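Student: Got a minute to go over a structure with me? I'd like the overall picture, then a few details.
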Amino acid sequence: MVEEHATREESRANAEKHYKGINRKWIKTDYKKKNAKKLFNKEKEEMKCSFCGNSHYDHEFTSLICGKEEKICDKCVKRFSEELSSNEIS
Ligand SMILES: [Zn+2]
């Protein structure tokens, strides 16, 4: 799950809370805010379910199964499974 923070300091404090000592490994990069946003949007697009269109970054589902071309989230798998079950001839 991705957590969003208002500031870099808030993000660092949260990382330190979960991974004690991680802030010592913090490095300075040349990434500008615009480039970081572009990269984030690209990753967000790549983590999108091909069926419902939700992204993992929006916390809409917990797992995404990737095929060669398409991806499907756990919620869609459950929904399709229930639809198939209800259509079964008993
Ligand atoms: Zn989905």
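Student: What pattern does the protein chain follow, read along the sequence?
Tutor: This is a predicted model. Along the sequence, the protein chain runs α-α-β-β-α. That is three helices and two strands.

Student: And the radius of gyration, what does the globule rule give for 90 residues?
Tutor: The rule gives 12 Å. The protein chain has a radius of gyration of 18 Å, well over that, so it is more spread out than a compact globule. The C-alpha trace spans about 60 × 25 × 20 Å along its principal axes.

Student: How many of the 90 residues count as buried?
Tutor: Just the percentage here: 4% of them.

Student: What about contacts between residues at least 6 apart in sequence?
Tutor: Of those contacts, 12% join residues at least 24 apart.

Student: Switching to H3. Where is it, and what length does it reach?
Tutor: Helix H3 covers residues 74-87, 14 residues in total. From first C-alpha to last it reaches 20 Å, close to the 20 Å expected at 1.5 Å a residue.

Student: Why does H3 lie largely in the open?
Tutor: Because the number of buried residues among its 14 is zero.

Student: Now Ala15. Which helix is that in?
Tutor: Ala15 sits in helix H1, residues 8-18. Ala15 has 16 other C-beta atoms within 10 Å, so it is partly exposed; buried would take 20 or more.

Student: What does Ala15 touch, leaving out residues up to four places away in sequence?
Tutor: Ile22 and Asn23.

Student: And what separates Ala15 from Glu88?
Tutor: Their C-alpha atoms are separated by 48 Å, with the two positions 73 residues apart along the chain counted as their spacing.

Notes. Residues numbered from 1 in each chain as written. Predicted model: local features only at pLDDT ≥ 70, side-chain atom pairs only at ≥ 80, totals over all residues. Helix = DSSP H or I, 4+ residues; strand = E, 2+ residues; numbered from the N terminus. Expected span 1.5 Å × (residues − 1). Buried ≥ 20, exposed ≤ 12 C-beta atoms within 10 Å, placed from the backbone. Rg over C-alpha atoms; globule rule 2.2 N^0.38 Å. Contact = placed C-beta atoms within 7 Å.
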